[in-house]
Amino acid sequence: MSEDWAVRTSRPIALEQLHAALLPAIGGLRARMDATGQWVVVVDVDDRPRLWVSGPHGTADGRGSQLELCAAGHDGVPGYGSPVELVRRAATGIADRVGGTAERLSTASEPEDIDADGTLRRVLPDDCPGDALTDAVTVVVQSRPTVALTPWLMHQQQWCARSGRRLVVVTGTDSCLTPALSSMLRSTGGQWVVDTGNGLYDGHLGLTVTWDDRDFTAGEDLHPEFTPRPEDTWAPLAHAETVHPYSDGLRIGDLTTGLYAAAGLSAPRAVGVVEPAETPYDPALLTEIAQHASPGPSRFVLAGMGTDGWLDVLPQPPGVVEQVEVTLDPRAEPFAPAALAAFADQVLEAGAEIAVLGYRRSTGGRQVPSRQTGPTVPAVAVFARRRFPTLNDAGALRLAGRPGRLVETPVPALVVEYAATPGQPGSADAGESLLRLIDGLSLHDTYLQNAQE
């Protein structure tokens, strides 16, 4: 299990200062940079990584800076016994020397079965930061109540990508994921496995999972712990996407600003590649970063008042796909009809080709719990006609059904407003209706057709 600590300071500390503060706390071990140049790695006499220390980044409340210290697994460390003791000494030692505070982030009980002589039970190659490793997966066990897309987990994903493995994050039933981490795992082929104490299941799909000493395999049955509960609430969810043609004037981020405005929100406060996001939101900066990463994809975390979101930029042969999704705090009342009509107009004006405003299940916040949250119950869905040029008016209305209407301004589009109330009879039917509509429209989607050529 990963043992995670943080050292919080009033201002960022330089790597030289970090190195000087760390060395006295790790007697008998030494420190070096990892292969990415972004983490300080504490290694033993055999050059085996024992502890990772991140560079400084902003705190979630924006009031200072913090370092993350992470050790993987339960293998003993010579001279320290449990890795917990190594991380504790390193964190408190750094905090004492730089005038900061040390805090344990993990909530699991500290292991008591590691001998002080540092008997090794497991051997991981190179700089693998995982808790367990096979030729198929790297397993990271997290005990935090809320598991975010931290620098530590981003480091894990990058290592998996380089080694051709899949990242699996294992939590207990009381843990939840941030929307950014949930989206990262799903988009990269990773997996969230929930350990109930007497069984495993997929935290996104709810399917029971078995472990065969090499990989996790999903079965066909839903685990009972995945079942929704009467006390669940509903968090609004807004999604939009468009395909930009390749041109000198391509600009990333304006769609995001427009989606937030259409949902009645201020623009994102900050953007980053990990959480917490700390760079002021700026479409010009996003465009520059995405162009530098092209032809590879770019993924950004979005932070705002009462919102969590993510933005994906995917260069493809037909154009550059921009996808953005934002989760809002749960609300007591559904959106009014006037708000749905305004959303459709504004998101089309912002350049969206596909957009949906709806609701997903929540346990009272914006995070993704380890039980059923989908499918999304739609309030309104918008489809710009330019994306589906082979679909005539009659065909569009036939696919949409009675709730559908055609509009000509601000651009020609199909708008579908659903009368379903989340959690009430008919809400599941609305979700299924939207899925059938999207499936039918896909036959006329120029982006999908061009991408397959």
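**Exercise 1. Find how many aromatic pairs a search of the whole structure gives, then describe the one between Trp52 and Trp152.**

Solution. Running the search over the whole structure, which is a predicted model, turns up five aromatic pairs. To describe any one of them, you need the distance of the ring centres and the angle of the planes. For Trp52 and Trp152, the centres sit 5.2 Å apart and the planes make an angle of 55°. Now classify: edge-to-face needs over 60 degrees and stacked needs under 30, so at 55° the Trp52–Trp152 pair is tilted.

Next, place the two rings. Trp52 belongs to strand S4 (residues 49-54) and Trp152 to helix H3 (residues 151-163), so this pair ties together parts that are 100 residues apart in sequence. Last, check the burial, for which the cut-off is under 20% relative accessible area. Trp52 comes out at 1%, so it is buried. Trp152, at 0%, is buried too.

**Exercise 2. Work out what kind of aromatic pair Tyr201 and Phe226 form, and where the two residues lie.**

Solution. Start with the geometry: 6.2 Å from centre to centre, with 70° between the planes. That angle is over 60 degrees, so Tyr201 and Phe226 pair edge-to-face. Then look along the chain. Tyr201 is in strand S14 (residues 200-202), while Phe226 is in the loop between strand S16 (216-222) and strand S17 (233-244). The two are 25 residues apart, and their pair links distant parts of the chain. Both Tyr201 and Phe226 are buried.

**Exercise 3. Locate the cis peptide bonds that lead into Pro276 and Pro295.**

Solution. Take Pro276 to begin with: its cis bond comes from Glu275, and omega is about 0°. Pro276 is in the loop between strand S18 (270-272) and strand S19 (279-280). Then move on to Pro295, which is joined to Ser294 by a cis bond with omega near 10°. Pro295 is in a loop as well, between helix H6 (283-293) and strand S20 (298-304).

**Exercise 4. Say what is notable about phi of Asp213, and decide whether the residue is buried or exposed.**

Solution. Phi of Asp213 is near 75°, which is a positive value in a residue that isn't glycine. On the chain, Asp213 sits in the loop between strand S15 (207-211) and S16. For exposure, the cut-off is over 50% relative accessible area. Asp213 has 65%, so it is exposed.

**Exercise 5. Trace the surroundings of Gly253.**

Solution. Place the residue: Gly253 is in the loop between S17 and helix H5 (254-262). With a relative accessible area of 0%, Gly253 is buried. Now set aside its neighbours within four places in sequence; the contacts of Gly253 are then Tyr281, Pro283, Leu286 and Glu322. For a distance across the chain, try Leu285: it is 32 residues from Gly253 in sequence, with 9.0 Å between their C-alpha atoms.

**Exercise 6. Step back and judge how compact the whole protein is.**

Solution. Count the elements: ten helices and 26 strands. The radius of gyration is 24 Å, close to the 22 Å from the globule rule for 453 residues, so the protein is as compact as a globular protein of that length. Along the principal axes, the C-alpha atoms fill a box of roughly 75 × 50 × 45 Å. Then add burial and contacts: 54% of the residues are buried, and among contacts with a separation of 6 or more, 63% join residues 24 or more positions apart.

Notes:
Residues are numbered from 1 along each chain as its sequence is written. This is a predicted model: local features need pLDDT of at least 70, side-chain atom pairs count only at pLDDT 80 or more; totals for chains, interfaces and linings use all residues. Side-chain values use heavy atoms; hydrogens and water are left out. Helices (H or I, at least four residues) and strands (E, at least two) are DSSP runs, numbered from the N terminus. The radius of gyration is taken over C-alpha atoms; the globule rule is 2.2 Å times the number of residues to the power 0.38. Buried means under 20% relative accessible area, exposed over 50%, partly exposed in between (1.4 Å probe, protein chains only). Contact means heavy atoms within 4.5 Å. Rings of Phe, Tyr and Trp (its six-membered ring) pair if their centres lie within 6.5 Å; planes under 30 degrees apart count as stacked, over 60 as edge-to-face and the rest as tilted.
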